[in-house]
Amino acid sequence: MSYLPSKLPTQLTVGIVHLGLGAFHRAHQAVYTEDAIVSEPGNWGICAVAMRSRELANVMQQRDGRYSLIEQQSAGPVLRELSVIREVLCLPDTPDAVATRIADPDVHVVTVTVTEKGYCFSGADRTLNIDDPLIVRDLANSTQPATMPGILVRGLQLRQIAGGRGLSILSCDNLPANGRLLQRIVLAYAALIDEELVNWIADQCRFPDSMVDRITPASNATTLALAQKLLGEPDLAAIETEPFSQWVIEDNFAGPRPAWEKAGAMLVEEVAPFEDMKLRMLNGAHSLIAYLGAVTGLAAVRDVMAVPAYRALVDWHMSDASETLEEMNADDAARYKDNLLARFENTAIDHRCLQIAMDGSQKLPQRIFIPAMQRLEQGKSVDTSALATALWFRYIQGMNQNGDIIECNDPLKAELEQIINSDRSATERVAALGGLPGVPSGLFDNIIWVEKVASLVDGLTVDGALRTLSQMSAARQ
Ligand code: CS2
C-alpha cells in the first residue's frame with residue numbers, strides 16, 4: 001500500500017515543544033514520537049515552533065499540523081500521514097505563546113533543530129557569543145526573544161516563577177556533545193538575566209546529548225506533485241525522505257518522556273562515539289560531496305556519486321575518517337561506510353549540493369578539520385580532507401569551473417570572502433582561515449596542511465576537479 005493514514009487518537013494534548021519546524025524535524029523526531037505514542041499511549045502531542053518562516057507556519061496551521069511524509073523505499077514511494085504535531089506557532093509573531101508553552105506544566109520535553117548557527121556560539125570552546133547582534137537584541141528585550149537561547153531561557157524563567165518542574169531539553173542538531181553545548185549556551189544566557197534562574201536550570205533541567213540521522217532534502221515541486229498523486233489532494237507541507245533513520249539519545253531526562261525506544265531509538269549512556277562516527281563519516285563525506293558538486297556544476301549528491309572517480313574519493317575519505325574513530329572496529333566501519341555509499345547513491349533522493357554546502361564555517365570544524373588534525377598528529381595522510389577544504393575555498397570564490405556563479409551562503413560570508421578574495425598568495429589566504437572564529441587554529445598553523453590545501457586550490461583552479469583528483473589518487477600511498 002502506498003498510503004498509510006495516521007493511527008493517532010483525535011484527542012492528544014501537547015507534551016513536547018519543538019523549536020525549529022524544518023523538514024528534518026518532521027521526518028525524524030516527529031515520526032519517532034508518533035510511533036512511540038502508537039506503541040505506548042501518552043499525551044506527547046508536539047507544539048512545533050517555526051523560528052522564522054511564517055509561510056511554513058501558515059501552511060502547517062491551515063492543515064492543523066497534519067502533513068505527508070513520503071518515504072522513498074526501494075519498492076517505491078510510500079506516503080505516511082503524520083498527525084503528532086498538534087499546535088504550530090511562529091516565534092516572531094507570538095514569542096509570548098511560545099514561552100508560555102515551554103512553561104506549561106504538561107510539557108516535559110523540548111527538542112531543538114535550529115542548525116549549527118542557531119546556537120549563537122563562538123570560539124574554540126563554543127560558548128555563547130554575547131556580541132552576536134541577535135543575542136544583543138534579545139538581551140535588551142528579553143521578554144520578546146527571537147533566538148533559540150533567548151526563547152528557551154524566557155520559557156524556563158516563566159516555568160521557574162510558576163514553581164514548575166525541570167525540563168528535558170534535547171538538542172537534535174549535528175554538533176558534537178550537542179546537549180552539553182546547549183546547556184552551556186542556555187546557562188550563559190540565563191546568567192545575563194538572573195543568577196537564581198541559572199541555579200534552577202542547572203539543578204532541575206537535563207540536556208541529553210543525541211545523534212540524529214535521516215537524509216531529508218528540502219521539498220521541491222516534484223515532492224509536492226508526488227504527494228498530490230499519492231494522497232489525491234494537494235499538501236503544501238509534504239516532505240520526502242530516505243527509508244533509513246537513526247536516533248541515539250543519552251538516557252538523561254529530568255522527567256517523563258515518550259517511549260522513543262519502542263519506535264527504534266537507542267537510549268544509551270554515552271552518545272559521543274555515535275556522534276563522532278556520524279559527523280566524521282556521513283556529514284564529513286556530505287560536505288566533501290557538496291563542495292565537489294558546487295565546484296563542478298553537479299546539482300545533487302546522487303549526481304556526484306554517479307561519477308566513478310568522485311565515488312571512489314568519497315569512499316577513500318570515509319575510510320580515512322573511520323581511522324580517527326577509536327571506538328570503532330574496522331569491520332563495523334567498513335559496513336557503515338558501505339551503507340552510507342548506498343544511501344548517498346539513492347537516485348530517488350534529490351539532495352541538493354548547495355543545501356549541504358551552506359554554513360561551511362559552522363560545519364567543517366567537527367566534520368573535517370578536527371579529524372584532519374588528529375590524522376596529522378598520527379603522521380597520516382590528510383589528502384581527502386585537504387581537498388574538501390580546497391573545494392570549500394573554491395566555493396567561497398563564487399564561481400564554478402564552468403564559469404557559473406555560486407552564491408556562498410554562510411554566516412561568516414563577509415569574513416570568508418575578505419580572506420579568500422584578497423590578493424595574497426594561496427598559502428597565505430589558506431593560513432588566514434585559521435583566524436576565523438571556531439576554526440581550529442592549530443590545523444591552519446600547520447605548514448603541511450596549509451601547503452597541501454593551497455596546492456590543491458591551485459590544482460582545482462588550473463586543472464579542474466577531475467585531473468586534480470586523478471593526480472592526488474596516483475600519488476596515494
Ligand atoms: C547534511 C545533513 O545539510 C547537511 O549539512 O550533511 O543535514 C545530513 O543530511 C543529515 O545530518 C543526515 O542525517
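In what follows, Ala, Val, Leu, Ile, Met, Phe, Trp, Tyr, Cys and Pro count as nonpolar, Asp, Glu, Lys and Arg as charged, and the others, Gly among them, as polar. The model is predicted, so that local features need pLDDT of at least 70 and side-chain atom pairs count only at pLDDT 80 or more, while totals for chains, interfaces and linings use all residues. Residues are numbered from 1 along each chain as its sequence is written, and side-chain values use heavy atoms, with hydrogens and water left out.

Two annotated spans come from an unreviewed UniProt entry, whose positions are in the numbering used here, whose feature names are shortened, and whose annotations may be inferred rather than shown by experiment. The record lists "domain: Mannitol dehydrogenase N-terminal" for residues 15-262, a span that is 37% helix and 22% strand, with its end C-alpha atoms 18 Å apart. It also gives "domain: Mannitol dehydrogenase C-terminal" for residues 271-454, where the chain is 68% helix and 0% strand and the end C-alpha atoms lie 36 Å apart. Helices (H or I, at least four residues) and strands (E, at least two) are DSSP runs, numbered from the N terminus.

Around the ligand, the shell (residues with a heavy atom within 4 Å of it) includes Asn174, Ile215, Asn283, His351 and Arg367, and it divides into 2 nonpolar, 4 polar and 5 charged residues. Domain 1 (2-268) and domain 2 (272-476) each contribute at least three residues to this shell, the domain bounds coming from an automatic or database domain assignment. Helix 10 (272-296) and helix 15 (360-377) each supply at least two, and helix 10 provides the largest share, 3 residues.

Polar contacts (pairs of N or O atoms within 3.5 Å; within protein, one must be able to donate a hydrogen and the other to accept it, and residues adjacent in sequence count only if both atoms are side-chain atoms) can be followed from the ligand to individual side chains. Oxygen atoms of the ligand lie 2.5 Å from a polar side-chain atom of Lys278, 2.6 Å from a side-chain N or O atom of Asp213 and 2.8 Å from one of His286. The protein buries 89% of the 340 Å² that the ligand exposes when taken alone, by the Shrake-Rupley method with a 1.4 Å probe, where for residues only the protein chains shown count as cover.
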